[in-house]
Amino acid sequence: MLPYLLRRLGQALVLLLIVSMLGFAILHLAPGGPLSQFALSSQMSPEDIARISHQLGLDRPLPVQYADWLWRMLQGDWGTSYRDGSAVLAVIGSHLRATFELMATATLVACLLGCWIGILGAIRRYSLFDTLATVGAMVALSIPTFWFGLVAIYVFSVTLGWLPAGNRHTVGDDSVLDLLHHLIAPALVLALVEMAIWARFMRSSMLDVIGQDYIRTARAKGLPEWSILSRHALRNALLPMITVAGLQFPTLLGGALVAETVFTWPGMGRLFLDSIAYRDYPVVMGILMLSAAMVMLGSLIADLLYAVVDPRIRME
Amino acid sequence: MSASAASVPAGPAPAASANTAWRRFRRHRLAMAGTVTIAILALGSVFGPWLLPFDDTYIDILQRFAPPLSGVHVLGTDELGRDILARLMMGGRISLAIGFLAMAMAMAIGIAVGVVAGFYGGFLGAALMRFVDAVLCFPTIFLLLALAALTEPGILATTLLIAATSWMNVARIVEAQIRTLRERDFAAAARAVGASDLYIMFRSLLPNAMAPIVVAATLNVAKAILLESYISFLGYGIQPPASSWGNMLNNAQIYLTSAPWLALLPGIAITLAVTSFNFIGDGLRDALDPRLDIN
């Protein structure tokens, strides 16, 4: 187990290094650097911009800038935001909580509902419910998240007036209830795509297990159908879902960015968009690295968990 | 010894002949519905603007916010009084064209990387596939936005960027296929008669991996249309006055209370197109290779 873990961690670190080079190259090779927004300002002369560029170290060769950034990052100094000079880690940290609230709620809803739909669809294969669920899942996968958000705002906020149209809190109200009230719509919007994915995988996993020999044996023993499904089939069908959960991170993060934009939710996705618009490279780079690390960690944890839950899997 | 086409073994017969595949595809009702929907959307976008008396960029401030089915503008007008049906049709041209072009480019990159990595393996293959892994670590939207925000927006740039962020899954599929096909007897036979590497890769191996590639291509069109709508909605894709289904939604949120049709109509067009391509992909999967059935 330990050698496997160490090798996986080593691979993840190498991958992160490639990711960081890729991100750095994309940002810094693009035309118009972080100072291009100042070029149009009447308050700044070309000399000012040249001086700022020197002060920020942007006039050094790219490999030197990268090495400097990497060395500082490894020591916990992720740089300072070009926008207001605060530390990148602090800026990202202050937005992480809101994103996690959103992602955790959406995952919980999607996992429970999606698994339930998938299991029921598999048990009653080709029934009306199964057909509707299969078609519905495909449509859900095809709806643009931001558009679904707009429709949700129109229906639940504009027409019915049940839910707020955006933001995380009513001004002056910090209660948990108020937070939950604001959380419902963006979380449901984010959950829709996830739910469709969970339902599809759950259905095929369950069908896979139901076709196995030991289920036939259990039936031949005369066990009640309920016991066969819940004790024999479901337990095994749920195992691959761990992998699904681990692989959902990229989709979930991307969806969160969109949901946060539509619902003005103050999370990491919106911070990313704002930082890009402002060409705040240190923050953009920080968020890219953090999300890539989360994606890798997600799949690593899923693999390890799978091995713990399923003793048939051997670590090689 | 030079290999002529006749002397090189062609490999095993495809999993399903074109006739069988077409029969199976026709039986997939949702895939057929998707095909018809795409045909209608495409024909409407290509020929519709010629039949319509309104220009998609003609601003008529006296006619702004006309609701659908209320007058001469069948689907109403937007915040500048432009005809929405005309904009949907012109937007459809751009959105569908980007979907197909981005798919074609993504397939070209993905197939090239996948074939080379799968055929040669070793250090080169490992390096290429680790690069694929690294790009896949970024959530697609994050990567796409970072690239789109830093480049000059436009149709070509949007297409290129979508292709640049969606070729990786194709590379993975092709690499896995080529890696197993490489070990088969017909590949060894081709090598034995002296066929060149290029010939074996693209004429012997690749045709036998066509089924999953065709499916991936269809699903990639759906994904490209979706991605175009995301970045145009966020303001980094197609720029007004040109319309795309995504950028028509760009301003719609502000007018959600007074003119909800501005938000509803383009979204329905996107959902219809993307759902249709996804169903066609499903149908093709069933038709081309029953072994790939995920159900």
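Which residues of chain A does the UniProt annotation "transmembrane region" cover? The unreviewed entry lists 12-30, 102-123, 135-163, 183-201, 237-263 and 283-309. The model examined here is predicted.

**Annotated spans in chain A**

UniProt also places a feature on chain A, "domain: ABC transmembrane type-1", at residues 96-306. That entry is unreviewed too. The table sets this domain beside two of the transmembrane spans.

| Residues of chain A | UniProt feature | Helix | Strand | Distance between end C-alpha atoms |
|---|---|---|---|---|
| 96-306 | domain: ABC transmembrane type-1 | 82% | 0% | 27 Å |
| 102-123 | transmembrane region | 100% | 0% | 31 Å |
| 237-263 | transmembrane region | 93% | 0% | 36 Å |

Strand is absent from the domain, at 0%. Residues 102-123 are helix throughout, at 100%. Residues 237-263 reach 93% helix.

**The interface of chains A and B**

Interface size is often expressed as the accessible area lost when the parts come together. Here, chain B and chain A bury about 4000 Å² between them. Carbon and sulfur atoms give 80% of that area. In chain B, the residues that lose the most area to chain A are B:Phe138, B:Phe142 and B:Leu150. Together they account for 19% of what the chain B side buries.

The contact draws 48 residues from chain A and 41 residues from chain B. Five residue pairs are in polar contact between the two chains. Zero salt bridges are found across the interface.

Which helices of chain B each supply at least two residues to the side that touches chain A? They are H4 (122-137), H5 (140-150), H10 (210-233) and H11 (261-288). H11(B) gives the largest share, 11 residues. By class, the side of chain B that touches chain A has 30 nonpolar, eight polar and three charged residues.

**Inside chain B**

Helix H6 of chain B spans residues 155-164. Its buried residues are B:Thr158, B:Thr159, B:Leu161, B:Ile162 and B:Ala163. The buried residues of H6(B) pack against H3 (84-120), H5 and H10 of chain B.

B:Leu96 sits in helix H3 of chain B. Is B:Leu96 buried or exposed? B:Leu96 counts as buried because its relative accessibility is 8%, under the 20% cut-off. Leaving aside residues up to four places away in sequence, B:Leu96 touches B:Leu41, B:Ala42, B:Ser45, B:Ile225, B:Trp245 and B:Phe277. B:Leu96 and B:Leu272 are 176 residues apart in sequence, but their C-alpha atoms are 12 Å apart in space.

Conventions. Residues are numbered from 1 along each chain as its sequence is written. Chains are lettered from A and ligands numbered from 1 in the order in which they are written. This is a predicted model: local features need pLDDT of at least 70, side-chain atom pairs count only at pLDDT 80 or more; totals for chains, interfaces and linings use all residues. Side-chain values use heavy atoms; hydrogens and water are left out. UniProt positions are given in the numbering used here, feature names are shortened, and annotations may be inferred rather than shown by experiment. Helices (H or I, at least four residues) and strands (E, at least two) are DSSP runs, numbered from the N terminus. Contact means heavy atoms within 4.5 Å. Buried area is the accessible area (1.4 Å probe) that two parts lose on being put together, summed over both. A salt bridge is a side-chain nitrogen of Lys or Arg within 4 Å of a carboxyl oxygen of Asp or Glu. A polar contact is a pair of N or O atoms within 3.5 Å; within protein, one must be able to donate a hydrogen and the other to accept it, and residues adjacent in sequence count only if both atoms are side-chain atoms. Ala, Val, Leu, Ile, Met, Phe, Trp, Tyr, Cys and Pro count as nonpolar, Asp, Glu, Lys and Arg as charged, and the others, Gly among them, as polar. Buried means under 20% relative accessible area, exposed over 50%, partly exposed in between (1.4 Å probe, protein chains only).
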